[in-house]
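Me: I would like to take a close look at one part of this protein, and then be led from there to the other parts of the fold. Please go slowly, as I am a first-year student.

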Amino acid sequence: MPAANAVEGLARLDHETVDHRFKALPPDAEGLTVGELAAQRRSLFTGGFTTPVLALSAESLEHNLALLETYTERHGLAFAPHGKTSMSPQLFARQLERGAWGITAAAPHQLRVYRAHGIQRIFLANELVDAVALRWLAGELERDPDFRFICYVDSVRGVELMDEALRGAARTVDVVVELGAGEGARTGARSEADCTAVADAVAATPALRLVGVGGYEGEVPDANPERVRDWLHRLVSLAVSFDQDGRFANADEIVVSAGGSAWFDLVAEVFAEFPELSRPLLKLLRSGAYVSHDDGHYKHLTPFNRVPEEGALEPAFRLWAQVVSRPSRQQAFANAGKRDAAYDLDLPEAQVVRDARDGSVRPAAGITVTGLSDQHAWLRTDEDADLEVGDWIGMGLSHPCTSFDKWQLIPVVEADGTVTDYIRTFF
């Protein structure tokens with residue numbers, strides 16, 4: 001799929017009609033295109049938006065995109081951010097503009113979204129054994145000679161299934177052997193001997209080409225810096241051993257991939273120690289949550305906490321809800337719940353209150369989110385907390401992946417409240 005299709009795909013998003021499918025958009029915008037609504041530069045607070053409404057900070061998005069661009073450049077890493085975080089072609093385009101090598105995926109339907117929007121390099125961080133998906137992939141590779149695709153293999157049986165589905169395909173499928181993070185961890189071959197058996201199976205089929213090794217250090221059991229470093233050294237040693245054995249003889253470059261959002265500093269550190277190999281080395285980082293960051297889980301685990309001299313990510317999400325009930329001085333309810341906010345890792349954090357009378361904004365002092373129903377946030381309030389029915393409450397969220405997936409069209413908002421764009425998601 002030529003790069004021109006990426007531009008066409010994004011243009012189609014601009015021409016999509018605003019209607020009831022999209023939560024929180026102004027009712028009087030019905031019938032406009034998304035592009036036309038964005039051009040009006042409405043205020044999130046006075047421009048007709050209804051609550052609850054999720055907003056992304058324009059400034060924080062730009063900051064985070066720029067930070068990972070310079071970080072990966074500084075450490076000699078290629079970057080394929082995990083697209084399952086946002087499933088937003090517009091953000092993919094911005095990541096690619098910021099130097100990303102490609103975009104990482106996890107499931108076949110994500111591949112179809114990526115290709116529909118012209119993504120030319122995809123790393124699938126999973127073993128792909130679905131015969132229908134493999135035949136579709138073979139067709140994509142045949143239609144577009146510039147399309148680069150790489151996926152995991154972690155079992156001999158998986159290789160057999162891939163070979164069966166791809167028999168007769170015009171192009172081979174590039175694969176990397178996934179080294180598991182340890183016993184009881186997620187996917188991946190559990191030992192170097194298991195990895196070798198998988199590599200032998202790949203060598204025996206003309207449908208696949210071994211181009212590297214990979215894995216996910218975030219699944220190291222009881223992860224700490226020492227255990228993560230040990231696993232990363234195993235991954236490096238596996239790549240070196242495979243290269244010495246001539247297993248990458250058909251590869252143009254050797255791919256070594258790791259890196260979630262918690263330990264990418266250690267990935268950079270250990271990958272910097274690679275010895276010279278027989279072919280050019282592509283050191284591919286896959287961190288994805290950085291694009292929006294958060295006010296909870298990732299705020300606490302980001303590697304930038306360990307290496308503050310490298311910079312700092314900024315939380316870009318804020319969920320605005322309206323107080324709809326104040327039954328007592330100790331309790332209030334806002335109109336955002338599990339259908340609107342991530343809650344799998346942490347509850348939302350009350351941050352600011354926008355006064356319904358005059359639009360002034362104050363800290364959410366003495367206000368705590370204690371639970372979520374489907375469509376309500378439960379708020380515990382101190383006796384003297386300044387909160388009334390009709391006020392808007394701005395909340396920080398935890399876990400980007402389960403924040404994006406509840407919203408199909410998300411306003412991008414400047415610091416003064418001006419909405420400059422809308423991010424379309426495809427979950």
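In which helix is A203 found?

Reply: A203 is found in helix α8, which covers residues 192-203. Please keep in mind throughout that this is a predicted model. The relative accessible area of A203 is 67%, and because exposed means over 50%, A203 counts as exposed. D174 stands 29 residues from A203 along the chain, and the C-alpha atoms of the two are separated by 12 Å.

From this exposed residue we can turn to the buried part of the model. In soluble globular proteins, nonpolar side chains tend to be buried together. Here the largest nonpolar core has 140 residues, and among these F149, V173 and F271 touch the most other members. Helix α9, running from residue 225 to 244, gives the most to this core, with nine residues. If we leave aside the neighbours within four places in sequence, F271 is in contact with L77, L232, L235, V236, V256, S257, A258 and K283.

Aromatic rings give another view of how parts of the chain meet, and the count comes to 14 aromatic pairs. A pair of aromatic rings is described by the distance of the centres and the angle of the planes. One of the pairs is formed by F45 and W320, which are edge-to-face, with 5.0 Å from centre to centre and 85° between the planes. Because F45 lies in the loop between α2 (34-39) and β1 while W320 lies in strand β10, this pair ties together parts that are 275 residues apart in sequence. F45, with 21% relative accessibility, counts as partly exposed, whereas W320, with 5%, counts as buried. Y71 and F264 also form an edge-to-face pair, for which the centres are 5.3 Å apart and the planes stand at 70°. Since Y71 lies in helix α3 and F264 in helix α10 (residues 264-271), that pair ties together parts that are 193 residues apart in sequence, and both Y71 and F264 are buried. Ring pairs also link F45 and W320 with W392 into a cluster.

The pockets complete the picture. The largest pocket holds about 540 Å³ of space, and of the 25 residues that line this pocket, H82, K84, R186, Y216 and G260 are the closest to its centre. Both β4 (121-127) and α11 (297-301) supply at least two residues of this lining, and the largest share, three residues, comes from α11. Sorted by class, the lining of the largest pocket has 12 polar, nine nonpolar and four charged residues.

The second largest pocket has a volume of about 330 Å³. W320, which we met in an aromatic pair with F45, returns here, for S57, R318, W320, V413 and E414 are the closest to the centre among the 20 lining residues. The elements that give two or more residues to this second lining are β1 (53-57), α3 (58-74), β10 (317-328) and β12 (349-354). The lining of the second largest pocket divides into 11 nonpolar, five charged and four polar residues.

Note on methods: Residues numbered from 1 in each chain as written. Predicted model: local features only at pLDDT ≥ 70, side-chain atom pairs only at ≥ 80, totals over all residues. Heavy atoms only, no water. Core = buried A, V, L, I, M, F, W, Y, C linked by side-chain atoms within 4.5 Å. Buried < 20%, exposed > 50% of the residue type's maximum accessible area, 1.4 Å probe, protein only. Helix = DSSP H or I, 4+ residues; strand = E, 2+ residues; numbered from the N terminus. Contact = heavy atoms within 4.5 Å. 1 Å grid on protein atoms, 1.4 Å probe; cavity = no way out; pocket = protein on both sides within 12 Å on 5 of 7 lines; lining within 4 Å. Points joined across faces, edges and corners; volume = space filled by probe spheres on them. Nonpolar A, V, L, I, M, F, W, Y, C, P; charged D, E, K, R; others polar. Phe/Tyr/Trp six-rings, centres within 6.5 Å; stacked < 30°, edge-to-face > 60°.
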